[in-house]
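Here is a short dialogue between a learner and a teacher. Please look at the model first.

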Amino acid sequence: MSHSTSEPLPDYRTQDPAVAARFAKIKERPVVLEIDRLGRQFPGEHGPVTALRDISLQIHRREFVCVIGPSGCGKSTLIRIIAGLDDPTSGRMLVDGKETSGPCPERGMVFQGYTLFPWLTVKRNVMFGLEMDGMSSAQAESEARQWIDLVGLRKFAENYPHQLSGGMKQRVAIARALAPNPRVLLMDEPFGALDAQTRAQMQSHLLEIWRNVDVTILFITHDLDEAILLADRIVVLKAHPGEIQEIIEVPVPRPRSLAQLQSPEFQATRRRLDELIHPKVHAPSDHLPIVRLTQIGDDVE
Ligand SMILES: Nc1ncnc2c1ncn2[C@@H]1O[C@H](COP(=O)(O)OP(=O)(O)O)[C@@H](O)[C@H]1O
Ligand SMILES: [Mg+2]
């Protein structure tokens, strides 16, 4: 599968038949999350700042969508609005076709920082939201155990967060977010604080969980490879104001693994993301008149 640098890369929009068939199937599934002309302004020192403008997106059942973009382009604002932790200043959001706002167990969230309750065991952290929703302790405990098993932490159910590694804490956070059976799992750079090796393990672990659970995932990242490895579609945002620049259907076949990193489809997608996110800056000498700014006259090179 490795790609020799002498051959030209395929167009990132070219899909092999299996990939094209998968996208056709996804589009037939019902829309779980719809965002309709969403906008968010914040008051700023010199008038309102537009963090998000006119964001429209439809995500289908069991689709995995990544949102990528430079720092400050509104990724966290977008996912916080979808989680119901912030309100848009314009536009609407629909889950299963019904307009909705405010936090709700149908939308589970995993943050980058560790947000477990330090005074509760792993099991009690996962049970917490279920009991808050009115589930009996016995039922919540049995549900929590299933989710803890799914994320591979059976042996750690009675441990406290401080006894766990960063990767394990995020596994608990995923179990906790999935336990109430959300329609959509929202993840804001959940592996951003992990070392590279743990991060790679968590990526394949998340794909494994997603294969086994009927859940739609919206995942924020600023890591290009992470987005390509995980996503069906990648929504590329640009900054100031935060707008959708392009939505890419990832042509890399599933099941995915890091072994595909060098494949032509992967590399073609990566090159496109690079173009969008790191637009080529021309050397100043191409465009600027040459002005002498130093009086010294020494060559510096
Ligand atoms: N509560 C807030 N008040 C004022 N400005 C905000 C607030 N939250 C975010 N912003 C601004 O909105 C823009 C997008 O921020 P954010 O969503 O955090 O970006 P990202 O997650 O892509 O780095 C930034 O310019 C940021 O300064
Ligand atoms: Mg952010």
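Q: How many residues of each class does the shell around ligand 1 have?
A: The shell around ligand 1 has four nonpolar, six polar and one charged residues. Ala, Val, Leu, Ile, Met, Phe, Trp, Tyr, Cys and Pro count as nonpolar; Asp, Glu, Lys and Arg as charged; the others, Gly among them, as polar. This is a predicted model, where local features need pLDDT of at least 70, side-chain atom pairs count only at pLDDT 80 or more, and totals for chains, interfaces and linings use all residues. Residues are numbered from 1 along each chain as its sequence is written, while chains are lettered from A and ligands numbered from 1 in the order in which they are written.

Q: Which residues surround ligand 1?
A: A residue is near a molecule if its C-beta atom, placed from the backbone, lies within 6 Å of it. Phe-42, Val-49, Ala-51, Gly-69, Ser-71, Gly-72, Cys-73, Gly-74, Lys-75, Ser-76 and Thr-77 surround ligand 1.

Q: Which element gives the most to that shell?
A: Helices (H or I, at least four residues) and strands (E, at least two) are DSSP runs, numbered from the N terminus. Helix 2 gives the most, with three residues. Strand 2 and helix 2 each supply at least two.

Q: What is the order of the strands in the open sheet of four?
A: Strands of a sheet pair through backbone hydrogen bonds, either parallel or antiparallel. Two strands count as paired if DSSP finds at least two bridges between them. Here the order is 2-1-4-5, with antiparallel pairing. Strand 2 (49–60) and strand 5 (98–99) are the edges, each pairing on one side only. Eight bridges join strand 1 (residues 31–42) to strand 2. Leu-33 stands opposite Ile-59 there.

Q: Which strands does helix 2 touch?
A: Contact puts C-beta atoms, placed from the backbone, within 7 Å. Helix 2 (residues 75–83) touches strand 1, strand 2 and strand 4 (90–95). Its direction makes about 60 degrees with that of strand 2. Axes are lines fitted to C-alpha atoms, for helices over the stretch in contact; angles run from 0 to 180 degrees between N-to-C directions.

Q: What is the pairing in the sheet of six strands?
A: The pairing is mixed, in the order 6-7-8-3-9-10. Strand 6 (107–110) and strand 10 (243–249) are its edges. Strand 6 and strand 7 (residues 184–188) run parallel, joined by four bridges. Gly-108 has Leu-185 in strand 7 as its bridge partner.

Terms used. Two residues are in contact if their C-beta atoms, placed from the backbone, lie within 7 Å.
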